[in-house]
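Q: I'd like to zoom in on one small part of this protein and go through it slowly. Could you walk me through it in plain words?

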Amino acid sequence: MSRRRAGLSVVPGFLLLLLHSTAFGSSYKAAGNYAVGERPVAIAAGDFTGEGRIDLAVANAGRTVSVLMGTGDGTFSKAAEYDIGVVPGRLIVGDFNGDGRADIIVADDSGIKFSVLLGSGNGNFEAHIEMGAGQVPAELASRLQPQTAYRSGTQTASVVSADFNGDGQMDQAVAMSGRNMVSVLLNVSAERGEESAGSVNLIKNGGFETGSLLPWYQGRDGCSGTCKNWAVLRTDPKQGHFDAGDQGNIELRQDFAATPTSSIAGVTFYLRHPAGAVIAAIDFFYSNGDDDEYAVDTTDSDWDSFNVTADLNPGEELSGFSIWGYSGPSPQTTYVDGVAIVASN
């Protein structure tokens, strides 16, 4: 049986589990990417219509909030943009004025200046109201803590966890600063792109069972503290006898013959971090020179399985793939195993 530990944030109509929920043996599948405002710095979830569907609010450094309405099946509407009067550093959803409707409260980094968007109850919000710290209800002010923004690959990312499709499992929405985008990952039963007759794994040595990294190689290095390069390890591998790991924001990359994304059936891998819920990044490299980066979030200290097939660009040719280690205040090893990119012959 799965066990979860989480802080609870009460929003009218449901309980929301925030970042650092624990779910053993979790598996996540990319379910969509959504454009938001300039340089998102924080993300929160709530029910903005009272219909029991979970919606998203994203605070952007360009002094806006992006609101994405949930459909209840794990997908979201195009973002609506609302101006705010502060450069945001903190964001929550709560009932500011006691009318039973979800509002959006944004604070600056210092927690001194606030912008409030009052909800109408139908998914729309009134123009922002500015106020000081003493004007915000104490219960809401106490929840306005800085959200951890993890350095991940070439950008920072913030995460909120909630049940976006009503299946009782905690899903994830990741706001990525470098791409002005929110990526949704649905919690699903393990879906692995295993090789079968008529298919081939573009990744060689995806489980590091040769005892060597090759043909993987170390790419970009964004580490700013104590780091250790990628190496083959024998630390509780997910499968076989080996896994690979590093300490710090360092890229592990593999290139292969350009392959149409239309022929790729699955992009899957296992990721583990002893610290639990941390952010790592992946990159897709295309033959036209495009480099698309996405963030993924581990939920616990056990292995998590990811299926990011839906993040592939249609109509392009994939020619490389990379995974970044986690760079945080307490350096610990990021482990990876079982990388597979399965394409038809």
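Which strand does alanine 231 lie in, and what is around it there?

A: Keep in mind that we're looking at a predicted model. Alanine 231 sits in strand 18, which covers residues 228–233. Is it buried or exposed? Neither, quite: alanine 231 counts as partly exposed, because its relative accessible area is 29%, and that label belongs to values between 20% and 50%. Leaving aside residues up to four places away in sequence, alanine 231 touches Leu213, Asp243, Ala244 and Gly245. Glutamine 247 is 16 residues away from alanine 231 along the chain, and the C-alpha atoms of the two are 10.0 Å apart.

For a contrast, try arginine 90, which belongs to strand 8 (residues 88–94). Arginine 90 is buried but has no salt bridge. Its nearest side chain of opposite charge is that of aspartate 109, 5.5 Å away, while a salt bridge has to be within 4 Å. Still, the backbone oxygen of aspartate 109 lies 2.8 Å from a polar atom of arginine 90's side chain.

Now for a sheet. Strands 4, 5, 6 and 7 make an open, antiparallel sheet, in the order 4-5-6-7. Strand 4 (40–46) and strand 7 (80–83) are at the edges with a single partner strand each, so one side of each has no neighbour in the sheet. From one strand to the next, the twist averages 25°. Strand 6 (residues 64–68) pairs with strand 7 over four bridges, in the antiparallel sense. Follow valine 67 across and you reach its bridge partner in strand 7, alanine 80.

Terms used: Residues are numbered from 1 along each chain as its sequence is written. This is a predicted model: local features need pLDDT of at least 70, side-chain atom pairs count only at pLDDT 80 or more; totals for chains, interfaces and linings use all residues. Side-chain values use heavy atoms; hydrogens and water are left out. Two strands pair if DSSP finds at least two bridges between them. Helices (H or I, at least four residues) and strands (E, at least two) are DSSP runs, numbered from the N terminus. Axes are lines fitted to C-alpha atoms, for helices over the stretch in contact, and angles run from 0 to 180 degrees between N-to-C directions. Buried means under 20% relative accessible area, exposed over 50%, partly exposed in between (1.4 Å probe, protein chains only). Lys and Arg count as positive and Asp and Glu as negative; His and the chain ends are not counted. A polar contact is a pair of N or O atoms within 3.5 Å; within protein, one must be able to donate a hydrogen and the other to accept it, and residues adjacent in sequence count only if both atoms are side-chain atoms. Contact means heavy atoms within 4.5 Å.
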